[in-house]
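The following note is offered to a colleague beginning the study of protein structure. Please keep the sequence and the model in view while reading the numbered points.

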Amino acid sequence: MNYSQPETMKRGEFLRSLGMSSAALMSVYCLGTLSACSSDDDDPAPGGNTTNPPPTGFTGNADPARGPIDFTLDLNSATYSKLKTAGEFVSAGAVVIANAGGNYVAIGRICTHQAGNLNFRAANNDFQCDNHGGLFNLDGSVKGPPPTRAVTAYKAQLTGNNLRVTA
């Protein structure tokens, strides 16, 4: 038997096959484009989106677009309990939090080069961008190229099993 790949059809071709006029076609296309791009909730931050409730163990604001960073993580919750282990890290909204050898550090989680995510590297005691490998120190300063601008550093304070992160 000879199997062939199914043919793909572009959106405009599909809509024209339904008998839509050019004006109707443009209306559908433009409305779809505008509604798809108009939301600012593309990357919902915990506590910042009412349609997606924050994870268990999170209270406060982790999205600088919605006000000052000020949130608390319950390290007893399943979502954040790995932070009790040195070398582990989690992201909460626009912040990445790491347990750097028993010291908690928090910095902006988005690389200033081309918006990749920062991940903690325990062996090097730094953060690395998953996009182009840029490096940041624990205080958010640039450790290695390609980034040239630091990321924001936040205060992280542990009280019992609650880790509070503030601007």
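1. Helices (H or I, at least four residues) and strands (E, at least two) are DSSP runs, numbered from the N terminus. The model is a predicted one, in which local features need pLDDT of at least 70 and side-chain atom pairs count only at pLDDT 80 or more, while totals for chains, interfaces and linings use all residues. Residues are numbered from 1 along each chain as its sequence is written, and side-chain values use heavy atoms, with hydrogens and water left out.

2. The sheet. Strands of a sheet pair through backbone hydrogen bonds, either parallel or antiparallel. Here, an open sheet of seven strands follows the order E1-E2-E11-E10-E5-E4-E3, with antiparallel pairing; two strands count as paired if DSSP finds at least two bridges between them. Strand E1 (58-61) and strand E3 (89-92) are the edge strands, each pairing on one side only. From one strand to the next, the twist averages 20°, where axes are lines fitted to C-alpha atoms, for helices over the stretch in contact, and angles run from 0 to 180 degrees between N-to-C directions.

3. Two pairs within the sheet. E3 and E4 run antiparallel and are joined by four bridges; Ser91 has Val96 in E4 as its bridge partner. These two strands form a hairpin with two residues between them, and Gly93 in the turn has a positive phi of about 60°. E5 and E10 also pair in the antiparallel sense, over two bridges, and Tyr154 in E10 is the bridge partner of Ala106.

4. The faces of E3. Which side chains of E3 are buried, and which are not? Buried means under 20% relative accessible area, exposed over 50%, and partly exposed in between (1.4 Å probe, protein chains only). Val90 and Ala92 point to one face and are buried, whereas Phe89 and Ser91 point to the other and are not.

5. The nonpolar cores. A nonpolar core is a set of buried Ala, Val, Leu, Ile, Met, Phe, Trp, Tyr and Cys residues joined through side-chain atoms within 4.5 Å. The largest has 17 residues, of which Phe71, Leu73, Leu83, Val95, Ile97 and Val165 touch the most other members. Strand E2 (70-74), E3, strand E4 (95-100), E5 and strand E11 (162-166) each supply at least two residues of this core. A second, separate core of 12 residues includes Val105, Ile107, Phe120 and Val151.

6. Leu83. This residue is found in the loop between E2 and E3. Is Leu83 buried or exposed? Leu83 is buried, with a relative accessible area of 0%. Contact means heavy atoms within 4.5 Å; not counting residues up to four places away in sequence, Leu83 touches ten listed here in part, including Leu73, Phe89, Ile97 and Leu163. Leu83 and Asn99 are 16 residues apart in sequence and 5.8 Å apart in space, C-alpha to C-alpha.

7. Backbone exceptions. Most residues other than glycine have a negative phi, and most peptide bonds are trans. Ala115, in the loop between strand E5 (103-108) and strand E6 (118-121), has a positive phi near 65° and is exposed, with a relative accessible area of 54%. Asn125, in the loop between E6 and strand E7 (126-129), has a positive phi near 55° and is partly exposed at 38%. The peptide bond from Pro145 to Pro146 is cis, with omega near 20°; Pro146 lies in the loop between strand E9 (142-144) and strand E10 (153-159).
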